[in-house]
Amino acid sequence: MSESSTQTTTRITDTPRLELNGQAVTGMELYPALGGYGHFTAMQVRGGRVRGLDFHLARLDAATKELFGAGLSGERVLEHLRHALADGIQDASVRINVFSPDGSVEPAPGVDPDISVLVTVRPPHEMPAGPLSLSSVPYQRPFAHIKHVGGFAQGHYIKLVERRGFDEPLLVGEGGLVAEGAITNIGFIEDDAVIWPQAPMLLGIGMQVLQRELAAAGVPQRHRRVRLDDLASFDGAFVTNSRGVATVRRVDELDIPLQAPLLSRLLDLYAHAPWDAI
């Protein structure tokens with residue numbers, strides 16, 4: 001990846017490229033995508049490849065079935081994705097939005113739903129190097145298992161905690177139940193095992209890639225309810241999303257250990273996770 005990922009024949013500007021169903025988008029065609037009902041996935045492309053591509057395609061298909069009553073084939077998604085990257089773009093941040101062009105939620109009886117796919121291409125981004133600091137906030141995403149649009153609360157909490165010197169909010173439910181980061185999943189180290197919170201959350205792509213690599217390496221993983229009061233007992237913590245994995249040094253005023261050998265091992269496992277050709 002190191003050589004190919006640094007070679008691009010097309011430079012992506014800060015102005016995003018948007019394609020709707022494989023065509024350049026107009027303002028009126030884009031309007032239904034802003035209506036607040038739809039879902040998306042976000043991925044990092046390097047050297048024309050994506051980590052966890054099958055996880056992205058499965059996410060889009062499952063959410064489309066749940067929201068619109070019909071699936072979304074991986075081949076259609078790949079066709080639009082390849083078209084958006086077709087003129088030599090090798091490294092990029094890509095967001096794929098799925099929505100109904102007429103704004104409807106359910107099609108008429110006996111009518112297949114009309115589903116649109118919007119691909120947005122921006123310059124590539126990396127996970128902050130870390131270690132990161134998190135601030136707990138009293139919020140859990142509604143319908144947390146879907147990566148749906150309309151994340152005002154998450155965005156606002158991000159701004160609030162950044163003003164206080166933190167890197168990201170940690171979303172916490174009733175009784176201090178830890179769920180996920182605003183744009184990440186969180187995991188913890190306990191002896192030689194990884195502990196994943198058991199709470200309403202999105203199964204993030206980075207999380208799924210890391211779980212696969214940990215399982216292949218024989219690293220124990222457990223799911224259980226984790227509360228804020230439990231964090232002092234862990235040997236380490238980390239966050240992950242499609243941009244990568246980063247260690248956590250602090251949650252609120254609690255310092256989190258950084259010396260656990262398993263922390264460096266899981267970072268290495270993720271760094272060597274395979275990339276899938278688009």
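**Overall composition**

The accessible surface of the chain comes to about 13,400 Å², of which carbon and sulfur atoms contribute 52%, the areas being obtained by the Shrake-Rupley method with a 1.4 Å probe and, for residues, with only the protein chains shown counting as cover. This is a predicted model, in which local features need pLDDT of at least 70 and side-chain atom pairs count only at pLDDT 80 or more, while totals for chains, interfaces and linings use all residues. Residues are numbered from 1 along each chain as its sequence is written, and side-chain values use heavy atoms, with hydrogens and water left out.

The chain has 6 helices and 16 strands, taken as DSSP runs numbered from the N terminus (helices H or I, at least four residues; strands E, at least two). Of its 278 residues, 48% count as buried, meaning under 20% relative accessible area with a 1.4 Å probe and protein chains only.

**Helix α2**

For the 16 residues of helix α2 (residues 53-68), a rise of 1.5 Å a residue predicts a span of 22 Å, and the end C-alpha atoms are 22 Å apart, which agrees; the expected span is 1.5 Å times one less than the number of residues.

Among the buried residues of α2 are Leu53, His56, Leu57, Leu60 and Leu67. The buried residues of α2 pack against elements including α3 (74-84), β5 (92-99) and α5 (205-216), where contact means heavy atoms within 4.5 Å. Just after α2, Gly69 adopts a positive phi of about 80 degrees.

**Val119**

Val119 lies in strand β6 (residues 116-122) and is buried, with a relative accessible area of 1%. Leaving aside neighbours within four places in sequence, its contacts include Leu18, His80, Leu81 and Ile96.

Terms used
Buried < 20%, exposed > 50% of the residue type's maximum accessible area, 1.4 Å probe, protein only.
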